[in-house]
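Please find below a note on two residues of the model under review. The sequence and coordinates are shown first for reference.

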Amino acid sequence: MSKTHFGYQSVDEAEKAGKVAEVFHSVASKYDVMNDLMSFGLHRVWKKITIARANVRSGQKVLDIAGGTGDLAAAFAKAADWGSNPDAQVWLSDINASMLGVGRDRLLDRGMALPCVQFDAEKIPFPNNHFDVVTVAFGLRNMTHKEVALGEMCRVIKPGGRVLVLEFSKPDAFLQPVYDTYSFKVLPWLGDKIAQDSESYRYLAESIRMHPDAQTLKEMMLGVGFDEVETHRMTGGIVALHIGVKY
């Protein structure tokens, strides 16, 4: 059986999805706290930039993959005039039922009964050329076969459509020592004190290190069918936003 990484561990590919699911079942109720801890709250700024660059317009069709707490989907629903423009579609999706439930409930609290669907991003259950915009924020690194998932995202966007991938990346060299100390010493300690779960936070730090750097991810996206990929490194390279376009 083929091996893949789960953080720094080598595991059978068939095991990874279950192990990742355990992590997110554990942290789902504290997902915003987790992101605030991992990014000093900057994830909110990075997501706002992603929403702005998505440039969703009235009546468009949008899919948010690994949608977490639904904050991107809520912003896209407003931009697409969901509920008033009959052409608008905004879907919240996640592979993890606990995360999807948190996102669905938060959207309902905002008065948005958006459609929610649970699926593996390596097998997106939508037809070719369906969406104008597809987004995935801080979810790609947890996927076993990233190229397959990226290829699926490319498949379901229309010609002229865009896929936006926001993900932790490789920081500039001068930041690396401080970043490593925070990730492997401070973050698990905070995870233990705040969420009573240091191991899930340790995995999340390790998963960032195993994720491709910005240039490698760009090449991966071009390799699965995107015709153009913009790369925007932010905050010293701690995160990168990739925008893939299909002609």
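The points that follow concern Ser-169 and Glu-167 in this predicted model.

1. Location of Glu-167. This residue belongs to strand S7, which spans 157-168. Its relative accessibility is 1%; because this value falls under 20%, Glu-167 is classed as buried.

2. Polar contacts of Glu-167. The side chain of Glu-167 forms a polar contact of 2.7 Å with the side chain of Arg-141. In addition, a polar atom of the Glu-167 side chain is placed 3.3 Å from the backbone nitrogen of Gly-139.

3. Surroundings of Glu-167. Beyond its neighbours within four places in sequence, Glu-167 touches Phe-138, Gly-139, Leu-140, Arg-141, His-211, Ile-238, Val-239 and Ala-240. Both partners named in the preceding point, Gly-139 and Arg-141, thus appear among these contacts. As for Gly-244, which is 77 residues away along the chain, its C-alpha atom is 14 Å from that of Glu-167.

4. Location of Ser-169. This residue sits in the loop that connects strand S7 to helix H7 (176-195). Ser-169 has a relative accessible area of 8% and is therefore buried, the cut-off being under 20%.

5. Contacts of Ser-169. A polar atom of its side chain lies 3.4 Å from the backbone nitrogen of Ala-214. When residues up to four places away in sequence are set aside, Ser-169 is in contact with Ile-208, Pro-212, Asp-213, Ala-214, Gly-237, Ile-238, Val-239 and Ala-240.

6. Shared partners. Ile-238, Val-239 and Ala-240 are in contact with Ser-169 and also with Glu-167.

Conventions. Residues are numbered from 1 along each chain as its sequence is written. This is a predicted model: local features need pLDDT of at least 70, side-chain atom pairs count only at pLDDT 80 or more; totals for chains, interfaces and linings use all residues. Side-chain values use heavy atoms; hydrogens and water are left out. Helices (H or I, at least four residues) and strands (E, at least two) are DSSP runs, numbered from the N terminus. Buried means under 20% relative accessible area, exposed over 50%, partly exposed in between (1.4 Å probe, protein chains only). A polar contact is a pair of N or O atoms within 3.5 Å; within protein, one must be able to donate a hydrogen and the other to accept it, and residues adjacent in sequence count only if both atoms are side-chain atoms. Contact means heavy atoms within 4.5 Å.
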